[in-house]
Amino acid sequence: MPRTMSPETLAVHAGTYEDPTTGSVGTPIFQTSTFLLDNASYTAFADGTLRDVPIYTRYGNPSQWSVQEKVAALEGAESALVTSSGMSATANTIFALTNSQSHIISAYDVYGGTYNLLREDLPSAGRTVSFVDPMDIDAVRAAIRPETQLLFFETLTNPMLKAPDVRALVRVAKEAKALLIVDNTFLTPINMKPLELGVDVVVHSATKYLGGHSDLTAGVVVGRRKFLDRIWAQTLRFGGTLDPLGCFLLERGIKTLAIRVKTQNENATAITKALAGHPRVKEVFHPTMRGPHFAGADASDYKGYGGMVSFTVEGGDAAAEAFMRRLQIPYVATSLGGVESLVSMPANTSHSSLTERQRAAIGIGPGLVRYSAGIEDSRDLIEDLVDALAPNAQEG
């Protein structure tokens with residue numbers, strides 16, 4: 001299928017396996033751990049081309065290849081790899097593309113799991129890591145060392161929704177002759193295609209928007225084949241392969257990605273407007289606010305900003321927790337990007353491992369709530385939020 005087609009069309013049709021025996025419209029689930037060996041198998045062993053031949057599901061499986069081609073088409077990538085989780089995608093990528101005695105630059109407000117990996121595991125593996133503010137390009141450039149091999153940032157940060165200047169980060173990485181890896185989970189290829197901006201490799205927690213239904217855990221890596229082959233080999237060693245059923249769920253979810261994200265873009269923007277200036281909301285964090293969290297970013301690089309909105313409730317954490325209990329539509333749960341709205345507090349979930357001082361440094365203050373807008377009607381979501389924020393709202 002031509003990759004010049006629209007994201008809506010690619011999301012439905014790209015990568016779908018057309019079974020020659022049954023004519024199945026959808027990709028079958030190849031629920032097997034191993035495959036019959038033949039001459040092609042032995043040649044693959046001899047030539048080291050195991051990634052593209054059905055031999056053993058940890059090496060590769062038609063269920064994996066199908067969804068990988070779909071994601072690669074959407075991101076405009078040469079190659080893609082699916083893994084067992086977003087953290088598996090991140091860890092495999094960083095370990096594969098760096099070596100001992102190398103230096104990595106990242107943001108101190110990346111996702112908590114990523115921060116813990118960089119802070120706790122990478123140093124013991126011989127890598128040093130510097131943390132900077134992704135919005136301060138001068139600080140990123142100043143952190144460069146002769147041994148810097150990799151820069152790792154998010155296209156939209158979690159949970160403060162900062163939108164760094166990706167093009168500027170690309171320039172800094174090229175000046176340093178280092179690789180730039182970005183986590184595009186929050187934006188998805190529907191809202192931004194980082195590879196087109198010069199990024200080397202993109203990772204996703206496919207658990208979120210790509211899967212979109214809160215029913216699987218998966219990760220995705222996309223980029224040039226020469227990088228993906230190295231990451232695939234690392235994945236074999238770490239064992240983070242996505243199972244065939246997970247691949248089926250992911251491919252099925254991606255088919256509706258474009259229409260889901262369009263609605264979530266609209267819902268989050270409408271919620272932002274409704275909460276801005278509300279007397280019981282101290283501050284709203286969303287790229288459409290065009291504050292310092294969007295400084296330097298080129299708005300033309302974004303087709304939308306996803307379904308995330310963060311805001312601070314007056315009265316601190318206790319008031320925020322009581323507010324969340326009063327909400328009727330969203331589930332109080334971790335994760336994001338599903339068809340249903342979710343709400344949580346980063347201080348006691350995704351960023352609970354940080355100290356109070358560390359959380360304050362990245363903007364996570366008392367009463368901060370992270371809201372993941374689903375595909376429900378925006379009027380219902382806003383009415384529910386306003387009712388829960390009302391000073392006379394009763395515990396329900």
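## Helix α3

Let's start with helix α3, which covers residues 62–75 (helices are DSSP runs of H or I with at least four residues, numbered from the N terminus). Its 14 residues reach 20 Å from the first C-alpha to the last, close to the 20 Å expected at 1.5 Å a residue; that expected span is 1.5 Å times one less than the number of residues. This is a predicted model, in which local features need pLDDT of at least 70, side-chain atom pairs count only at pLDDT 80 or more, and totals for chains, interfaces and linings use all residues. Residues are numbered from 1 along each chain as its sequence is written, and side-chain values use heavy atoms, leaving out hydrogens and water.

Because 12 of its 14 residues are buried, α3 is largely enclosed by the rest of the structure. Buried means under 20% relative accessible area, exposed over 50%, and partly exposed in between, with a 1.4 Å probe and protein chains only. The buried residues include P62, V67, K70 and E75.

## The two ends of α3

At the N-terminal end, N61 acts as a cap: one of its side-chain oxygens lies 2.7 Å from the backbone nitrogen of S63. After the helix comes G76, with a positive phi near 70°.

## Helix α11

Now look at helix α11, residues 257–275. Its 19 residues should span 27 Å, and the end C-alpha atoms are 26 Å apart, which agrees. Among its buried residues are L257, V261, N265, A268 and T272. G277 follows α11 and has a positive phi, near 85°.

## A residue in α2

Finally, F45 is found in helix α2, residues 39–47. With 43% relative accessibility, F45 counts as partly exposed.

Key: Helices (H or I, at least four residues) and strands (E, at least two) are DSSP runs, numbered from the N terminus. A polar contact is a pair of N or O atoms within 3.5 Å; within protein, one must be able to donate a hydrogen and the other to accept it, and residues adjacent in sequence count only if both atoms are side-chain atoms.
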